[in-house]
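The following exercises are to be worked through with the sequence and the 3D structure at hand. Each task is followed by a stepwise solution.

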Amino acid sequence: MQLIQINSNCYYFSGSVNIGYINQGESGMIVDAGIDSQTMKKVLKKLDHEGLPVTHLFITHAHSDHYGGGSYLQQDRAIYTFAPYYEEAILRNPSIEPLYLFGGNDPLPELRNKFLEGNSIFVDEVLQEGVYERDGFNFTTYLLPGHSYYQLGIKIHDCLYVGDAYFSEEQLHKHKIPFLTDAHLAIQSLYKLKEIHTKGAIPGHGEYEEDFHDTVDANIAYHHELIHMLWAYIEAEKLVSHEELIAYMCNTYQVKVDQLPQWLLFRTAVTAYLIALLKQDQVGYKIQDYRWMFYIKEGEA
């Protein structure tokens, strides 16, 4: 993992999942914690080598690739931890994630892995959207839901760490159907990002960009493309089941879905785009023959 300096205070570790770092004199804040203890050990080794302090942790959202290393960090250092409202409950009780992905049933053993359930972490302070001054850190948090329920971005020293509010174009095309909980909210969050005045931004997956608006626009266009694909398929089929829509999207994009955890993630993602169509009042649904069925509302085009 490479430590990249953005300005005199802000850095990030570039990797499959980026980890931010802000230095404030004798204090240092890590933004997100990677997926496991091995990742965090590498981060701490590098920061120690550079003589950079570690005193605080800010988690943007409760997905295990962003908090999985937090438990080791809290055991290794005296850390004050911030986390978003609502997400904090999952950080304290990580089994909630496989629980909700599995539709509320007790998760099967194959769902209890580090990719869906990190080790629990203690949260000292729960944050909502707003302006904060804590221990010499002055920062603003922004509510950016859609990928997760109450994801918070953090702007500090004119640098914006956005978690997974947007992805690099490379990541979008790599994952094909990006994980979302609500595509309508995700698109609203993307437009909100464009209104934030900052020198540059760092996504959870991708590189720091000063001019990040083109990447945000690419995310907006990509989400609209998937929404339209679903709409067009429902329009052609007249009446189609939830499970058929999942199969159609996964087959169209040729995503790898040969295990239950993968299928559950894509089920949630495809449903997120259906939610956008429902919120936009473009489709309706009914329960027919014990299946959740979707259709185009009359007059929609």
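**Exercise 1.** In this predicted model, determine whether Tyr-149 counts as buried, partly exposed or exposed, and identify the surface patch to which Tyr-149 contributes.

*Solution.* Step 1: the relative accessibility of Tyr-149 is 34%. Step 2: buried requires under 20% and exposed over 50%; Tyr-149 therefore counts as partly exposed. Step 3: Tyr-149 lies in the loop between strand 9 (137-143) and strand 10 (152-156). Step 4: together with Tyr-85, Tyr-86 and Val-126, Tyr-149 makes a nonpolar surface patch of about 390 Å².

**Exercise 2.** Classify His-223 as buried or exposed, and establish which residues His-223 contacts beyond its neighbours within four places in sequence.

*Solution.* Step 1: His-223 belongs to helix 8 (residues 213-237). Step 2: its relative accessibility is 2%, so His-223 counts as buried. Step 3: outside those sequence neighbours, His-223 contacts Pro-178, Leu-180, Ile-187, Leu-190 and Tyr-273. Step 4: Leu-180, in the loop between helix 6 (169-175) and helix 7 (183-194), likewise counts as buried because its relative accessibility is 2%. Step 5: with its neighbours within four places set aside, the contacts of Leu-180 include His-223, Gly-146, His-147 and Tyr-273.

**Exercise 3.** Describe how strand 14 and strand 15 pair, and name the bridge partner of Gly-284.

*Solution.* Step 1: strand 14 (residues 283-288) and strand 15 (residues 291-296) are antiparallel, with six bridges. Step 2: Gly-284 has Tyr-295 of strand 15 as its bridge partner. Step 3: the two strands form a hairpin with two residues between them. Step 4: in the turn, Asp-289 has a positive phi of about 50°.

Technical notes: Residues are numbered from 1 along each chain as its sequence is written. This is a predicted model: local features need pLDDT of at least 70, side-chain atom pairs count only at pLDDT 80 or more; totals for chains, interfaces and linings use all residues. Side-chain values use heavy atoms; hydrogens and water are left out. Patches are made of residues with over 30% relative accessible area and no salt bridge: like charges are joined within 9 Å, nonpolar side chains (Val, Leu, Ile, Met, Phe, Trp, Tyr) within 5 Å. Accessible areas come from the Shrake-Rupley method with a 1.4 Å probe; for residues, only the protein chains shown count as cover. A salt bridge is a side-chain nitrogen of Lys or Arg within 4 Å of a carboxyl oxygen of Asp or Glu. Helices (H or I, at least four residues) and strands (E, at least two) are DSSP runs, numbered from the N terminus. Buried means under 20% relative accessible area, exposed over 50%, partly exposed in between (1.4 Å probe, protein chains only). Two strands pair if DSSP finds at least two bridges between them. Contact means heavy atoms within 4.5 Å.
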